[in-house]
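This report describes a single protein model, moving from one residue to the cores and then to one helix.

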Amino acid sequence: MNSNTLSNLTIDLDRTAHEYAAKFAAGQTSIAKGRKVYLNTLAVCAVRQYLSCGCQLDLDLTQGDSWQVEWQSIMDVADLVIPDVGKIECLVVLPNTTQVMLPLASIDDRIGDIFVQFNEDLNSVELLGFVPRTISTTISVDLSQLQPLDDLLDLIYRTQIHNLREMLAGIFDRGWEPIANLIDGARQPEFALRNALLNIAANYSYDSIRGFTAGKTIELRSKLASFPLLLLIGLSDESDGRVKVKIRLHSGGGVPVLPANIKLTLQAKNGHLLSEVQYPRSMNFIQLQSFRLQPGTEFKIQICLGDDRFTESFIA
């Protein structure tokens, strides 16, 4: 797609981003290298801010090579790690540039590149577009060939989506485990000590969750505390080809009840609310009404606690 049809997105850079950039730049051996590291750091911060809003991702800057002092000094690196998806390179675009060279260090292990336009004022940048590495197989990219930023969001979404048919076949990934593993493992004291999140409340029977297919441990934070949770999904084939789905949320880590006002919602692919359950008091668990889906139907499950939220996407 020609870049003239793209809608550039302006990202404001806060003081924290500049503090990181200044700290890393000060450790370089030359002014030129320090300036490059400064801009790379700002580019990574800008893309992280965009993905945090666009995908509700909690991205840890320290996981990338760009945050490692030893790599900054010997490589041109501006990577950001997206959990369960891969690394994306945040490429600096200087004024009056029409083509950007890919850093040699990032040629092989990136899912794609996002292009960050800088001007003289470093208080904000523009995100120009995205190119997946399946296309950018050369060492340079012409800015007229950029794809819209939504293509990156779609790539992330498609990579993170869970296939219910695979789950029914016993194929689990990205933190999901068969329910038998959670039950049998949690009953072993040495396992429970290492994996406290896998323990549902001690006062609740493991037999009550045997009818579910898989579980995933998560953690949400309120202003006062963190809450370990166990999200369960139950799946079964229907005679008409549909899949029956049931979703339940338990407290985890041996905590007896869920926090009050935690919300469990079912959403369409576009985020439209289909169903929700929320109680003003603490409960042992909360559960959505079961539903049936035609093959290929996509949906989301979201858990909200105050300002913190967790979202998983699925396809039947």
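Serine 313 is found in strand S18 (residues 308–315), where strands (E, at least two residues) and helices (H or I, at least four) are DSSP runs numbered from the N terminus. At 9% relative accessibility, serine 313 counts as buried, the term buried meaning under 20% relative accessible area, exposed over 50% and partly exposed in between, with a 1.4 Å probe and protein chains only. Leaving aside residues up to four places away in sequence, serine 313 touches Tyr157, Gln160, Ile161, His162, Phe299 and Lys300, a contact being heavy atoms within 4.5 Å.

The model is predicted, so that local features need pLDDT of at least 70 and side-chain atom pairs count only at pLDDT 80 or more, while totals for chains, interfaces and linings use all residues. Residues are numbered from 1 along each chain as its sequence is written, and side-chain values use heavy atoms, with hydrogens and water left out.

The protein has 7 helices and 18 strands, and buried residues make up 46% of its 316 residues. Among contacts between residues at least 6 apart in sequence, 57% join residues at least 24 apart.

The largest nonpolar core (buried Ala, Val, Leu, Ile, Met, Phe, Trp, Tyr and Cys residues joined through side-chain atoms within 4.5 Å) has 36 residues, of which Leu51, Leu80 and Ile114 touch the most other members. Elements that give two or more residues to this core include those in the table.

| Element | Residues |
|---|---|
| helix H1 | 15–26 |
| helix H2 | 31–54 |
| strand S5 | 110–117 |
| helix H4 | 149–160 |

Helix H2 gives the most to this core, with 10 residues. Apart from this core lies another, of 31 residues, among them Ala214, Ile218, Val245 and Met283.

Helix H1 has 12 residues and reaches 16 Å from its first C-alpha to its last, close to the 16 Å expected at 1.5 Å a residue, the expected span being 1.5 Å times one less than the number of residues. In H1, Ala17, His18, Ala21, Phe24 and Ala25 are buried. Seen down the axis of H1, these buried residues fall within an arc of 130 degrees, so they line one face of the helix; the arc is that of the directions from the helix axis to the C-beta atoms. The face of H1 turned away from its buried side carries the exposed residues Arg15, Lys23 and Ala26.
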